[in-house]
Every structure is written in C-alpha cells, then in structure tokens.
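Thanks for coming. I will show one structure, then go through a pocket and two sheets.

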Amino acid sequence: MRTTNTVIIGAGQAGLAASRWLSDRGHDHVVLERGRIGQRWRTTSWDSLHLLTPNWMNELPGRTYRGTDPDGFASAAAFTDHLAEYARSFTAPVVEHAGVTVLEKRGDRFRVGTGQAVWVADNVVIATGWCDQPAIPASAGALARDIHQLTPAEYRNPGSLPSGGVLVVGASATGVQLADELRSAGRDMTIAVGRHTRVPRTYRGMDIYWWLDQLGVLDKTIDEMPDPVLARREPSLQLVGRPDRRSLDLATLQADGVKLAGRVIGVDGHRVRFGSDLAATVDDAQRRMHQLLAGIDRHIDANGLRTEVLDAEPSRAVDPTPDVQDLDLHAAGIRSIVWATGYRRTYPWLRLPVLDHYGEIRQRRGCTAVPGLYVLGQRFQHHRSSNFIGGVGRDAAFVADQITGAYSPTGGCAAARPLVVGEDRPS
C-alpha cells in the first residue's frame, strides 16, 4: 500500500502536462503508465505516421519548441522520444509498466490498484486519452473469414497486408492517409466515405492550423457551441503531415485512382453494400470548407493582410458519383479491410459512478461528479484544442489548480457544474 496526494493515470501528453503543473506547485503525485512513457504512440502508430499539427503547435507546459523546423511535422517515433525527454526534464514521477486494474473509493480516499502495488490518494486524474480503443462496427463480424480485417492501430505498412486490393472504411485523417499510402504502393484501393471535414493543408501560403489559430477557432469553448454533443463528434480534418505540405483529400485520392463509395450499410460474407449518401456527404464537406476559407478571406481583408499573403488557390472538385455501390470483395480482388472508423473509450477498471449510458465520462472542464476525480485529454473538453498536444496544457493547468486549491471560489469545479457531457447522448 502506497500513499500519495494525487494519482495520474496515463503518461502521454495529457498525463505529463498535469504532472508538470503539479510538480511546479510542489504537489506530491505519481503518474501510472501501463507500458512505457507514450505507450500508445509506441504501439499503435503505423511506420510513416507524422503529426498533423506543425511543430510550433506542439508545445507542452514549460517547454517551447527548440528545433530548427517549426513548420515541419514530427514523426510519431520522434514525438515519443520527445515525450520521454520531456518527462526527464522535470523528473516526472512516472511508474512504468503499472497498468491500472481497479479505481474505486474507500471512505473519502481513492484506491488505485495495479499489478505492482495499491495506491491510496486524495485525487485521481484519468489521462488515458481520446484515442483509446478502435471503434469497429458490429457489421465487421459478418465478413467472410478469408477477408483480412485490421484497424489503424494494427496497421504498420503496405507490406503488412496480404496481397490484393484493400477497402478502407472511413475518410477522416487516418482513412485518407492509409488509402493514399496503400495506393502509392500499387494497391487497388476503395474508400468508404462517411462524414468528414475537408480543408487544404495550406491556404494563401500559410498552414491551415495557422489560420485556425489566427481566427481564434482553436480557442472556442464548448459553452460557445450551439450543440456540444455534435461539436465533440466533429470529424477530424483530412490532412497529412509531409515536408512538401501536400493537401490530401478525396479529390487527391480520386485523381490517383482510388475508388469512392458511400457509407458501409451492410455486410454479408464477401458482399459489402454502400449507402447512396456520397454526393450529399461530399457536398456538405465542400460547403463547410468554403465557409471556412471565406472566413479566412474576410480576416485577411479586415486586417490589411492582402499584400502579405498569396492569392487564393482554387480547390479541386470531387466527382460525387460513387465508383461502387454494391461490392463483391472476392470478385473485386479485395483481400483486406481497414476499419478507420474512429475510437471509443473504455474504462474496465473504473468502479465509480461517472459514466453515461454510452460509457463516456461525464465531465465539464475535467471535473466529474465525484469530488477529487478529474479527466484530461477529452475531445473538446473545454476548448476545441483540448485534445491537441499543444492544447491539453491549459486544461491540465485548470485541473492542477482544482487539486492544489489555487483557484477562486467562483472559478473552480463548483462553477463548472452542471455537467454537459454524456447524460443521454454520446459525447
């Protein structure tokens, strides 16, 4: 039995950001990690994966970017090394290979069990992240046994798949990146397209994230959103981090010979049926992209930046006519399906009444209904950038203030309730 004031579960960017703020405040705590620091980055990243955000955006508390390529995109491997070095820089009290098996409350204190020890603490911060377990649709169970199925967490490179064509299901950032990589390797590719967010990598000479930062989009809070649940379910941007700053979207894939289809609506053995929604989905993504770019243009004009930036570039149109509607995988030579269908959160060790009907933690600004229990790294936890590497720090500071009492009576968890996440709908 070991005692500390605060236990942080997870040593990724969220857990380490919280540890840095608590260390700066001289607060006794421990960080429990099921594997090594940044374990998920180590084990669930494909070989060519680079961050989608430029290096200047990925600063953690107390650490500014020190490299020579602020506009570049770090590889997942390099970022994992960075996390380990960051933890060493302030001697973060990380206990590795200490997977949590139970989190419960005994009296007025928390009991956190691991395979190594039992920790007793006044506070617990769950920082296991948003991208926890791949969300595979139930229809995957109806596929023929000779079709190789995998998730992005299991994919490593084109050579790790059986020979033959590939169907990628999902067209957000991960789906388009994998379809692009596999097509470049000579695979016959089809991508099933659901709701997605299309943006160019650069616009008028500047990275799209630079513009989002300038417009204040990343600083928007969940309280400013007309529908918080919908905001948290917004698809990730169709982007790739490459030195050539190339845009990657459905138009790019289509030009490279990737076949487009609508959402998967049925699976039966070797037969996959797609919805008739491709045109509507493409039109909606195009409309929202043009709204964003028009807002950037207005910002340029309002701030006298017209001579400081390049002319607007035309976007390539997507042909919304589906290439396939009812696919016989065997006849089409497709041997593999990659389910790039997002993630869900699982907390099998959590023995506290903070989950909604969908298994999500009810929270607001990281505060839960159980005093002393907090969460970090949730999507749109408070700001739109809350689950970004460079955005988690301010949420971590807020949580650290609640734990150490460094907040005004009107600015803490009491003011953050009632909870807005979960309740009766998925967050």
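**One pocket, two sheets**

The second largest pocket holds about 280 Å³ of space. Its lining has 14 residues, and Asn55, Asn58, Tyr65, Arg66 and His82 are the closest to its centre. A pocket here is an open set of points on a 1 Å grid over the protein atoms alone, where a 1.4 Å probe fits, with protein on both sides within 12 Å along at least five of seven lines; lining residues have an atom within 4 Å of a point. The volume is the space filled by probe spheres set on the points.

This is a predicted model: local features need pLDDT of at least 70, side-chain atom pairs count only at pLDDT 80 or more, and totals for chains, interfaces and linings use all residues. Residues are numbered from 1 along each chain as its sequence is written, and side-chain values use heavy atoms, without hydrogens and water.

Now the sheets. Strands are DSSP runs of E, at least two residues, numbered from the N terminus, and two of them pair if DSSP finds at least two bridges between them.

Five strands form an open sheet with parallel pairing, in the order 10-21-11-12-17. Strand 10 (148–150) and strand 17 (259–261) each have a single partner strand, so one side of each is left without a neighbour in the sheet. Strand 10 is joined to strand 21 (residues 334–339) by three bridges, and glutamine 149 stands opposite isoleucine 337.

The other open sheet has three strands, ordered 18-19-20, with antiparallel pairing. Its edges are strand 18 (264–268) and strand 20 (326–328). Three bridges link strand 19 (residues 271–274) with strand 20; arginine 273 has aspartate 326 as its bridge partner.

Key
Helices (H or I, at least four residues) and strands (E, at least two) are DSSP runs, numbered from the N terminus.
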